[in-house]
Amino acid sequence: MYGNDVIDPDERPSVDPTVPLNAAETEAYDTALAHDDQREQVGSDFDALIAADQRIEPRDAMPDTYRETLIRQIAQHAHSEIIGMQPEGNWITRAPSLRRKAILIAKVQDEAGHGLYLYSAAETLGIDRAELLDRLHSGKQKYSSIFNYPTLTWADCGAIGWLVDGAAIMNQVPLCRCSYGPYARAMIRVCKEESFHQRQGFEILWNLMHGTESQRAMAQDAANRWWWPALAMFGPPDTGEAAKGGHTEQSMAWGIKRFSNDDLRQKFVDMTVPQAQKLGLTLPDPDLRWNDERGHWDFGEVDWDEFWRVLRGDGPCNAERIEHRRRAHEDGAWVREAATAYAAKQASKHKESAA
Amino acid sequence: MSGDTTTTGAGAPAASPDTPERSWPLWEVFVRGKRGLSHVHVGSLHAPDAEMALRNGRDLYTRRQEGVSIWVVRADDITASSPDEKDSFFDPAADKIYRHPTFYDVPEDVEYL
Ligand SMILES: [Fe+2]
Ligand SMILES: [Fe+2]
């Protein structure tokens, strides 16, 4: 949902504490940057381009279902970025210091930018941005259900940056290699900008964990509430038995998705547990333990009933988020009208002076 | 974004009064990273006029000092070569290898040549 997609099965588990905290700076990201263009040899046939791991570009012929899948995924990704401005935006006026306020404003502004890059990428598929916003406002299209949870304390801003942006990066890094060129390029830009989001969140929690007793309790409470929703961000199970009937297989065949939801979730857990230990936080999962045989952390089952409930509208903040989004859009109407009128006036003045 | 002069830009739905931004043209944004470099295409955006496109382009594509200069060009005003004609279009240059310095046989011990 938030750019669902990650893991090279051959890659070592990232439980090494020397692994960078910044999940965006990985090999996968470098690989995407170093994409090798072989169009010259491969030609312009869709299946041949996909088979050769080449990018599909807007003017290329592509199956309708590929186009529709991408429009839906990119739109939902874009919606997630702009709805995602709200939970943290909620704390801008109450950030504990000028430094934190400036950081938070910059982060929320970045998320707006991510939304715009993505709407632009969607538009290259022949859909209008205004149409996509209509679909968001009318509930026809969804956004990541993570943003339907409230930010109750300042520590939640830490937990969001650390866990939610951390999970988003995990999804987004493989999308830098997505078969659709404009989406892949938008993701490269986004990942570069995400680098500080996760780190500033970690830093907020780090500071709280080195503060007073009640600050530590606040940080722990935030981790308790955000851990499971963050794991749910990777989407429902899609490997083994669960692979049947889902769309993972098709998305993988098309090179839109590179890793299963389950692989990404595992990779996220493997990356995050050592970070939690470093912070001194206890993750709220009694089943969490290192599995030597698998070389991964074992963890418990996400509450998928809750996931579907929240996705379908019954989360703590669904109504509030959409209502806020609609109101912001309607309240901005006069600005858009004024800008249009001003542009028209300038254009006619220009014409007059030219005549 | 990114090199993607689109099919939507030109054929966007007609303006409707309640959503004026539907009629806002698409602008392609080019940024000069630093003095001495060329402007490079970075993406696109919608804006009512060139002035707003510049300002939005600054906020959208240069939040981290990525540029010292921005161009915005209406996507409609760009004429692009067609990918279908790529071969025939660029063909004339293919057999003119004498345009490259490596074509020429010269003695190895001549300097500065
Ligand atoms: Fe983002
Ligand atoms: Fe972010």
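# Two irons, a pocket and some rings

User: What spacing do the donor residues of the iron ion (ligand 1) show in sequence?

Analyst: Keep in mind that we're looking at a predicted model. The donors to place along the chain are Glu81(A), Glu111(A), His114(A) and Glu194(A), which coordinate this iron ion at 2.1 to 2.5 Å. Written as a pattern, their spacing is E-x29-E-x2-H-x79-E.

User: How many residues lie between Glu111(A) and Glu194(A) in sequence, given that they link distant parts of the chain?

Analyst: The pattern E-x29-E-x2-H-x79-E spreads the donors of the iron ion (ligand 1) along the sequence. Glu111(A) belongs to helix α6 of chain A, while Glu194(A) belongs to helix α9, residues 181-209. Glu111(A) is buried, and Glu194(A) is buried too. Along the chain, the two are apart by 83 residues.

User: Which word describes the arrangement of the four donor atoms around the iron ion (ligand 1)?

Analyst: A tetrahedral call needs all angles between 85 and 135 degrees. Here the angles run from 83 to 151°, so the arrangement around the iron ion (ligand 1) is irregular.

User: Which residues are the protein donors of the iron ion (ligand 2)?

Analyst: Along the chain, these donors follow the spacing E-x53-D-x28-E-x2-H. They sit 2.0 to 2.2 Å from the metal, and the site is irregular, with angles of 80 to 164° among the four donor atoms. By name, they are Glu111(A), Asp165(A), Glu194(A) and His197(A).

User: Which residue coordinates both the iron ion (ligand 1) and the iron ion (ligand 2)?

Analyst: The two iron ions are 3.3 Å apart. A residue serving both has to turn up among the donors of the iron ion (ligand 1), which include Glu111(A), and among those of the iron ion (ligand 2), which include it as well. The bridge between them is Glu111(A).

User: In which helix is Asp165(A) found?

Analyst: Asp165(A) is one of the donors of the iron ion (ligand 2), whose spacing is E-x53-D-x28-E-x2-H. It pairs up with Glu111(A) in helix α6 (residues 98-123), 54 residues apart along the chain, and the helix that holds Asp165(A), residues 154-175 of chain A, is α8.

User: What is the volume of the largest pocket?

Analyst: The lining takes in 37 residues, and those nearest the centre are Ala112(A), Leu116(A), Arg129(A), Arg325(A) and Arg336(A). Both chains supply elements that give two or more residues, among them α14 (318-331) and α15 (333-354) of chain A, and β2 (39-46) and α2 (50-61) of chain B. By kind, the lining divides into 16 nonpolar, 12 polar and nine charged residues. As for the volume, it's about 1200 Å³.

User: Which element gives the most to the lining of the largest pocket?

Analyst: Among the elements giving two or more residues are α5 (85-89), α6 and α7 (129-137) of chain A. One of them contributes nine residues, and that top contributor is α6(A).

User: Are the planes of Trp162(A) and Phe202(A) stacked or edge-to-face?

Analyst: Over all chains, the count comes to 15 aromatic pairs. For Trp162(A) and Phe202(A), the ring centres are 6.5 Å apart and the planes meet at 75°; planes over 60 degrees apart aren't stacked, so this pair is edge-to-face.

User: Is Trp308(A) buried or partly exposed?

Analyst: Trp308(A) forms an edge-to-face pair with Phe307(A), 5.1 Å centre to centre. Phe307(A) counts as buried because its relative accessibility is 11%, under the 20% limit. Trp308(A) has a relative accessible area of 30%, so it is partly exposed.

User: How far apart are the C-alpha atoms of Arg321(A) and Ile83(A)?

Analyst: Arg321(A) is in helix α14 of chain A, and it is buried at 4% relative accessible area. In sequence, Arg321(A) and Ile83(A) are 238 residues apart, yet their C-alpha atoms are separated by 6.9 Å.

User: Is Gln65(B) buried or exposed?

Analyst: Gln65(B) is found in the loop between α2 and β3 (69-74) of chain B. Its phi is near 55°, a positive value in a residue other than glycine. Its relative accessibility is 75%, so Gln65(B) counts as exposed.

Note on methods:
Residues numbered from 1 in each chain as written. Chains lettered and ligands numbered in written order. Predicted model: local features only at pLDDT ≥ 70, side-chain atom pairs only at ≥ 80, totals over all residues. Heavy atoms only, no water. Donors = N, O, S within 2.8 Å, 3.2 Å for Na, K, Ca; no water. Tetrahedral: all angles 85-135°; square planar, octahedral: opposite > 155°, others 65-115°. Helix = DSSP H or I, 4+ residues; strand = E, 2+ residues; numbered from the N terminus. Buried < 20%, exposed > 50% of the residue type's maximum accessible area, 1.4 Å probe, protein only. 1 Å grid on protein atoms, 1.4 Å probe; cavity = no way out; pocket = protein on both sides within 12 Å on 5 of 7 lines; lining within 4 Å. Points joined across faces, edges and corners; volume = space filled by probe spheres on them. Nonpolar A, V, L, I, M, F, W, Y, C, P; charged D, E, K, R; others polar. Phe/Tyr/Trp six-rings, centres within 6.5 Å; stacked < 30°, edge-to-face > 60°.
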